[in-house]
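Please look over the sequence and the structure shown here before reading on. The briefing moves from the whole chain to a few of its parts.

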Amino acid sequence: AFFPVHRPIIEHIRQGTVSGLTGGCNGPIGEAVSSGLLPQPVVFRSHGGRARALEEKSLKVDVSFIAAASADRYGNLSGLGGGSAFGSLGYAKVDALAAEKVIGVTDCLSSSPLKRVSIPGEKVDWIVTVDSIGEPSGIATGSLSGTRDPVRLEMARLAAEVAKACGVLRDGMSMQCGSGGATLAAAGFVGSIMKEKGVKGSFALGGVTSYLVGLLEQDLFDVIHDVQTFDAGAVSSLVKNENHVEISAAQYASMHRSAPLVAFLDLAFLSALEVDVHFNVNVITETDGVIRHGMGGHPDVAQGAQLTIVIAPLVRGRVPVVQERVTTVCTPGEHVDVLVTDHGIAVNPARPEIKEDLVHAGLPVVDIHDLKKRAEEISGKLDPIRFTDRIVAIVEDPYGNITDKICQIEQDN
């Protein structure tokens with residue numbers, strides 16, 4: 001993924017050094033891509049889609065630079081230890097297996113063998129030491145920092161009640177919570193219901209925060225499978241708790257494998273930038289059509305989970321979230337079961353049994369077309385986005401099929 005810290009890539013594109021990108025484009029790089037700066041379309045893949053492409057070698061890597069919190073003289077790498085511990089190297093594990101050459105970069109080189117190895121030395125060609133690999137406190141920012149907003153907390157509570165009404169909160173259940181304050185808060189409400197019912201889950205999955213760690217420490221889940229560690233509390237848990245287990249992105253969600261863990265999810269809470277009346281979800285482009293975000297594991301998780309609940313406010317910043325058609329289809333509506341908003345709960349018409357359960361539980365079920373109408377009453381209709389015919393990005397599904405194409409924003413004269 002490309003973040004604001006990678007802004008120098010823009011100049012490399014202008015100079016012709018970089019002619020193509022694959023991965024999520026956040027901030028200034030996404031804006032540059034939307035304006036047509038890159039000669040060829042960016043390829044957006046989900047976490048699982050990228051792991052699949054690397055495993056099947058449709059995506060080839062000559063050299064991979066992997067930052068490690070610690071390394072030893074035998075070439076072993078870890079995301080733990082040293083002064084910059086950040087947790088799981090789940091995504092880099094796949095890179096190390098696929099790349100022709102692997103260069104580990106660390107600020108903590110040990111003369112003794114590491115006790116906890118994420119990537120074994122036989123997969124690493126060189127180790128380079130630097131003064132500092134980064135600032136780990138900068139990992140847990142923005143949408144990953146949770147929420148205290150009463151409206152979003154109420155949406156999180158409702159989402160947990162949806163899961164309860166559908167009967168998925170039972171012994172042996174599995175769960176993932178996506179990024180976003182409300183989706184993270186939903187984990188806490190689920191924990192309270194599980195305590196009340198006296199049930200224990202099998203595993204929690206995905207990017208791990210202190211919210212999920214709290215459920216593990218309360219003995220509400222047997223194990224956490226950690227592909228990416230998001231805050232200091234989760235890093236500490238990975239160090240000390242043997243039931244907090246590091247996994248690779250391929251184990252997590254690669255459809256090249258027969259049994260990725262997302263395929264065994266009972267429950268998933270996910271966020272969205274836009275949702276349309278067909279339950280398609282957009283998490284890449286803002287409503288002005290500009291690319292500002294990556295796709296993460298959204299389509300992997302939505303497709304794999306038995307019950308997928310998207311949590312989003314009806315209006316965000318005076319812009320309607322529920323629309324006739326999303327700007328970019330990232331997760332097809334067929335994989336989304338329920339949308340929870342601050343103005344009611346919409347159920348995918350393909351899941352009438354869920355609607356029946358929610359109505360029986362007395363939850364505020366509304367038609368998604370009514371949510372769209374209400375959103376437009378609050379904020380008004382959006383002006384159509386002006387695109388050119390030039391394609392600047394391609395969105396792939398977890399199997400490598402094209403889900404959508406993103407065109408260049410038309411520039412004002």
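What follows is a short briefing on this model, which is a predicted one. The protein chain has 12 helices and 22 strands, and buried residues make up 53% of its 413 residues.

**The chain as a whole**

- With 413 residues, a compact globule would be expected to have a radius of gyration near 22 Å, and because the protein chain has 21 Å, the two values agree.
- Taken along the principal axes, the box filled by the C-alpha atoms of the protein chain is roughly 65 × 60 × 35 Å.
- If we consider the contacts between residues at least 6 apart in sequence, 67% of them join residues that are at least 24 apart.

**Surface and charge**

- The protein chain exposes about 18000 Å², and carbon and sulfur atoms supply 49% of that area.
- The chain carries 36 positive and 49 negative charges, and the mean positions of these two groups are 1 Å apart.

**A small group of strands**

- One open sheet consists of 3 strands in the order S4-S3-S6, and its pairing is mixed.
- The edge strands of this sheet are S4 (77–78) and S6 (109–110), each of which pairs on one side only.
- Strand S3 (residues 70–72) runs antiparallel to S4 and is joined to S4 by 2 bridges, with serine 70 standing opposite serine 78 in S4.

**Helix H4 and its cover**

- Helix H4 (residues 90–98) is mostly covered, since 8 of its 9 residues count as buried, a word that here means under 20% relative accessible area.
- The buried residues of H4 are Gly90, Tyr91, Ala92, Lys93, Val94, Asp95, Ala96 and Ala98.
- The cover over these buried residues includes helix H3 (47–55), strand S2 (63–68), strand S5 (101–106), S10, S11 and helix H9 (249–253).

**Helix H7 and its neighbours**

- In helix H7, which spans residues 210–217, the residues Leu212, Val213, Gly214, Leu215 and Leu216 are buried.
- These buried residues of H7 pack against several elements, among them the helices H6 (181–197) and H8 (232–240), and also against strands S8 (174–177), S9 (201–208), S10 (221–229) and S11 (244–246).
- Strands S10 and S11 therefore appear in both settings, because they are in contact with buried residues of H4 and with buried residues of H7.
- After H7 comes aspartate 219, whose phi is positive, near 60°.

Methods: Residues are numbered from 1 along each chain as its sequence is written. This is a predicted model: local features need pLDDT of at least 70, side-chain atom pairs count only at pLDDT 80 or more; totals for chains, interfaces and linings use all residues. Side-chain values use heavy atoms; hydrogens and water are left out. Helices (H or I, at least four residues) and strands (E, at least two) are DSSP runs, numbered from the N terminus. The radius of gyration is taken over C-alpha atoms; the globule rule is 2.2 Å times the number of residues to the power 0.38. Buried means under 20% relative accessible area, exposed over 50%, partly exposed in between (1.4 Å probe, protein chains only). Contact means heavy atoms within 4.5 Å. Accessible areas come from the Shrake-Rupley method with a 1.4 Å probe; for residues, only the protein chains shown count as cover. Lys and Arg count as positive and Asp and Glu as negative; His and the chain ends are not counted. The place of a charge is taken as NZ of Lys, CZ of Arg, CG of Asp or CD of Glu. Two strands pair if DSSP finds at least two bridges between them.
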